[in-house]
Amino acid sequence: MRLKTLLLLVLVPAAGAAQIATGTSSAGLFYETSGAGEGDVLVHAFSLDRRMWAPQIAMLEGRFRVVRYDLRGHGKSEAPSAPYATHEDLRSVLDAVGVRRATLIGLSAGAEVATDFAIMYPDRVARVILASPGLSGYVPPTPLTWTQPVFQAAGAGDSERAAKLWADTPIMALRNDLTAASTVRDLVMSNVRLWSYRTNPVQRLTPPAINRLSEIKCPALVIIGEEDLPHIKDAARVLVGGISGAKLVTIPRAGHLVNLDAREAFNQAVESFIAAR
């Protein structure tokens with residue numbers, strides 16, 4: 001399984017008290033919606049699930065219909081068993097909830113999904129917010145050796161140990177707000193089944209997004225934490241350089257899970273970008 005962290009958020013302006021509705025898309029992906037109005041979709045990071053967006057929901061559903069879903073194999077969504085594409089999974093969620101055009105908010109692997117979707121379905125994207133971004137086609141300049149013990153445990157069939165080791169990796173570490181550390185660990189451990197999958201038949205975007213960033217014409221914001229890993233910050237620079245007019249916001253002292261590690265600063269950056277667009 002490839003190392004990515006995914007996070008996606010869909011927003012729609014709300015009218016009245018927000019009530020949560022749930023469902024499953026035609027592709028077997030579980031989702032929740034609240035609020036009403038223009039669509040806003042949240043895409044979560046690898047090894048977590050839709051619940052990671054809890055600090056953003058109240059802020060968003062006052063203005064949008066907020067959609068958050070579990071990536072394939074995460075949370076309550078179906079496990080990968082046949083070839084699939086993550087951007088098509090996202091399309092199945094938008095179709096299921098009746099959202100024609102949305103703001104996409106993705107974190108890590110979720111940002112990769114949002115970017116791929118914006119390339120494949122430009123008419124369905126109002127704006128993209130890419131946090132701590134993954135990017136299809138991007139290869140880190142140096143090997144991520146800190147992942148080796150995790151994948152060794154998974155390969156040996158010890159899924160629980162793999163999840164525990166993953167929760168202790170630098171990409172899961174909070175640098176600013178340690179009060180959310182137990183939440184991160186609980187989310188990782190509740191998705192322990194990820195480490196039991198022997199295959200992941202995902203079909204990657206071809207050509208990859210790294211070679212097609214000029215195709216993204218909607219407003220774009222890239223958010224990174226000052227203390228995120230070097231290869232993530234490098235991917236962010238590639239995105240900002242490749243998407244015309246893209247803005248970059250760096251949040252001081254925050255790590256990779258920036259929406260949890262610096263929730264107020266993250267929310268403010270999102271609100272300001274949406275208000276200006």
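Helix α3 is a good place to start: 11 of its 12 residues are buried, so the rest of the structure largely encloses this helix. Please keep in mind that the model is predicted.

**Helix α3 and the residue before it**

Helix α3 covers residues 109–120. From the first C-alpha to the last, α3 reaches 17 Å, close to the 16 Å expected at 1.5 Å a residue. Its buried residues begin with Ala109, Gly110 and Ala111 and run on through Glu112, Val113, Ala114, Thr115, Asp116, Phe117, Ala118 and Ile119. Among these buried positions are the acidic residues Glu112 and Asp116.

Leading into this helix is the loop between β6 (102–107) and α3, where serine 108 lies. Serine 108 has a phi near 60 degrees, which is a positive value in a residue other than glycine. Serine 108 also counts as buried, at 2% relative accessibility.

**The chain as a whole**

Stepping back, the protein chain contains 9 helices and 9 strands. For 277 residues, a compact globule would be expected to have a radius of gyration near 19 Å, and the 17 Å of the protein chain agrees with that. Its C-alpha atoms fill a box of roughly 50 × 40 × 35 Å along the principal axes.

Buried residues account for 55% of the 277 residues. Of the contacts with a separation of 6 or more, 79% join residues that are 24 or more positions apart. The accessible surface is about 11100 Å², and carbon and sulfur atoms contribute 50% of that area. As for charge, there are 29 positive and 26 negative side chains, and the centres of these two sets lie 3 Å apart.

**Backbone details in the loops**

Which residue in the loop between β4 (39–43) and α1 (54–61) deserves a look at its phi? That loop holds serine 47, which is not a glycine and yet has a positive phi of about 80 degrees. Serine 47 is buried, with a relative accessible area of 1%.

Another backbone detail sits further along the chain. The peptide bond from threonine 206 to proline 207 is cis, with omega near -10 degrees. Proline 207 belongs to the loop between α6 (181–190) and β8 (220–225).

**Four residues and their surroundings**

The table pairs each of four residues with a second residue, giving their separation in sequence and in space.

| Pair | Separation in sequence | C-alpha to C-alpha distance |
|---|---|---|
| Phenylalanine 30 and aspartate 70 | 40 residues | 5.7 Å |
| Glycine 137 and asparagine 191 | 54 residues | 26 Å |
| Arginine 101 and tyrosine 121 | 20 residues | 9.6 Å |
| Alanine 181 and leucine 260 | 79 residues | 9.0 Å |

Phenylalanine 30 is placed in strand β3 (residues 30–34). Is phenylalanine 30 buried or exposed? With a relative accessible area of 11%, phenylalanine 30 is buried. Leaving aside neighbours within four places in sequence, phenylalanine 30 makes contact with Thr22, Gly23 and Thr24, with Arg50, with Tyr69 and Asp70, and with Lys76 and Ser77. Asp70 is thus both a contact of phenylalanine 30 and the partner at 5.7 Å in the table.

Arginine 101 is found in the loop between α2 (86–97) and β6. At 47% relative accessibility, arginine 101 counts as partly exposed. Neighbours within four places aside, arginine 101 is in contact with Gly39, Asp123, Arg124, Val125 and Ala126.

Glycine 137 lies in the loop between β7 (125–131) and α4 (148–155). Glycine 137 is partly exposed, with a relative accessible area of 37%. Which residues does glycine 137 touch, not counting those up to four places away in sequence? They are Pro208 and Ile210. Asparagine 191, in turn, is 26 Å from glycine 137, C-alpha to C-alpha.

Alanine 181 has its place in helix α6. Its relative accessible area is 36%, and alanine 181 is therefore partly exposed. Leucine 260 is 79 residues from alanine 181 in sequence, with 9.0 Å between their C-alpha atoms.

Note on methods: Residues are numbered from 1 along each chain as its sequence is written. This is a predicted model: local features need pLDDT of at least 70, side-chain atom pairs count only at pLDDT 80 or more; totals for chains, interfaces and linings use all residues. Side-chain values use heavy atoms; hydrogens and water are left out. Helices (H or I, at least four residues) and strands (E, at least two) are DSSP runs, numbered from the N terminus. The radius of gyration is taken over C-alpha atoms; the globule rule is 2.2 Å times the number of residues to the power 0.38. Buried means under 20% relative accessible area, exposed over 50%, partly exposed in between (1.4 Å probe, protein chains only). Contact means heavy atoms within 4.5 Å. Accessible areas come from the Shrake-Rupley method with a 1.4 Å probe; for residues, only the protein chains shown count as cover. Lys and Arg count as positive and Asp and Glu as negative; His and the chain ends are not counted. The place of a charge is taken as NZ of Lys, CZ of Arg, CG of Asp or CD of Glu. The expected span of a helix is 1.5 Å times one less than its number of residues.
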